[in-house]
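Please look over the chain below before reading on. The text that follows starts with how its elements are named, then moves from the overall fold to the core and to single residues.

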Amino acid sequence: MIEVVLNDRLGKKVRVKCNEDDTIGDLKKLVAAQTGTRADKIRIQKWYNVYKDHITLQDYEIHDGMGLELYYN
């Protein structure tokens with residue numbers, strides 16, 4: 001289990017526990033459950049890399065305690 005921190009830069013930080021073999025789509029569903037926004041309206045990125053839904057966290061080298069950016073479409 002790893003914990004990923006997502007910051008939307010509007011004052012909301014979300015800490016999500018997930019597995020390294022989960023996809024970005026799974027992470028979006030977990031974030032949607034905590035924030036109350038729909039999963040298809042969430043965009044996760046780091047700097048200018050927008051993460052794709054079908055790729056796993058392990059492939060993107062997302063580790064425990066890593067911070068990502070959370071945007072709403």
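Helices and strands here are DSSP runs, a helix having at least four residues and a strand at least two, and they are numbered from the N terminus. By that scheme Glu-61 falls in the loop between strand 4 (49-50) and strand 5. The model is a predicted one.

Start with the whole chain. It contains 1 helix and 5 strands, arranged along the sequence as β-β-α-β-β-β. The radius of gyration is 11 Å, close to the 11 Å that the globule rule gives for 73 residues, so the chain is as compact as a globular protein of that length. A box of roughly 25 × 25 × 20 Å, taken along the principal axes, holds the C-alpha atoms.

How much of the chain is buried, and what does the surface consist of? Of the 73 residues, 37% count as buried. The chain exposes about 4,700 Å², and carbon and sulfur atoms supply 48% of that area. As for charge, there are 12 positive and 12 negative side chains, and the centres of the two sets lie 9 Å apart. Contacts also reach along the sequence: among those between residues at least 6 apart, 53% join residues at least 24 apart.

The interior comes next. The largest nonpolar core has 17 residues, and those with the most contacts inside it are Val-4, Leu-6, Leu-27, Ile-44, Leu-57, Ile-62 and Leu-68. At least two core residues come from each of strand 1 (2-7), strand 2 (13-18), helix 1 (24-35), strand 3 (42-46) and strand 5 (67-72). Helix 1 gives the largest share, 4 residues. Leu-27 shows how such a residue is surrounded: leaving out residues up to four places away in sequence, Leu-27 touches Val-16, Cys-18, Ile-44, Leu-57 and Leu-68.

Now turn to the loop between strand 1 and strand 2, where Asp-8 and Arg-9 are both found. Is Asp-8 buried or exposed? Asp-8 has a relative accessible area of 7%, and because buried means under 20%, Asp-8 counts as buried. Beyond its neighbours within four places in sequence, the contacts of Asp-8 are Leu-70 and Tyr-72. The C-alpha atoms of Asp-8 and Leu-70 are 4.5 Å apart in space, although the two residues are 62 apart in sequence. Arg-9, by contrast, is exposed, with a relative accessible area of 57%. The phi of Arg-9 is near 60°, a positive value in a residue other than glycine.

Leu-70 also meets strand 3, the element that contains Arg-43. The C-alpha atoms of Arg-43 and Leu-70 are separated by 6.0 Å, with their positions 27 residues apart along the chain. Which residues does Arg-43 contact, apart from neighbours within four places in sequence? They are Lys-28, Val-50, Glu-69, Leu-70, Tyr-71 and Asn-73. Even with these contacts, Arg-43 is partly exposed, at a relative accessible area of 28%.

The last region is the loop between strand 4 and strand 5, which includes Gln-58 as well as Glu-61. Gln-58 has a relative accessible area of 48%, and because exposed means over 50%, Gln-58 counts as partly exposed. The C-alpha atoms of Gln-58 and Asp-8 are 22 Å apart, and the two residues are 50 apart along the chain. Glu-61 has a relative accessibility of 56% and counts as exposed. Like Arg-9, which has a phi near 60°, Glu-61 has a positive phi of about 60° although it is not a glycine. The C-alpha atoms of Glu-61 and Glu-20 are separated by 8.8 Å, and these residues are 41 apart along the chain.

Key. Residues numbered from 1 in each chain as written. Predicted model: local features only at pLDDT ≥ 70, side-chain atom pairs only at ≥ 80, totals over all residues. Heavy atoms only, no water. Rg over C-alpha atoms; globule rule 2.2 N^0.38 Å. Buried < 20%, exposed > 50% of the residue type's maximum accessible area, 1.4 Å probe, protein only. Contact = heavy atoms within 4.5 Å. Areas by Shrake-Rupley, 256 points an atom, 1.4 Å probe, with all protein chains shown as cover. Lys, Arg positive; Asp, Glu negative; His and termini not counted. Charge placed at Lys NZ, Arg CZ, Asp CG, Glu CD. Core = buried A, V, L, I, M, F, W, Y, C linked by side-chain atoms within 4.5 Å.
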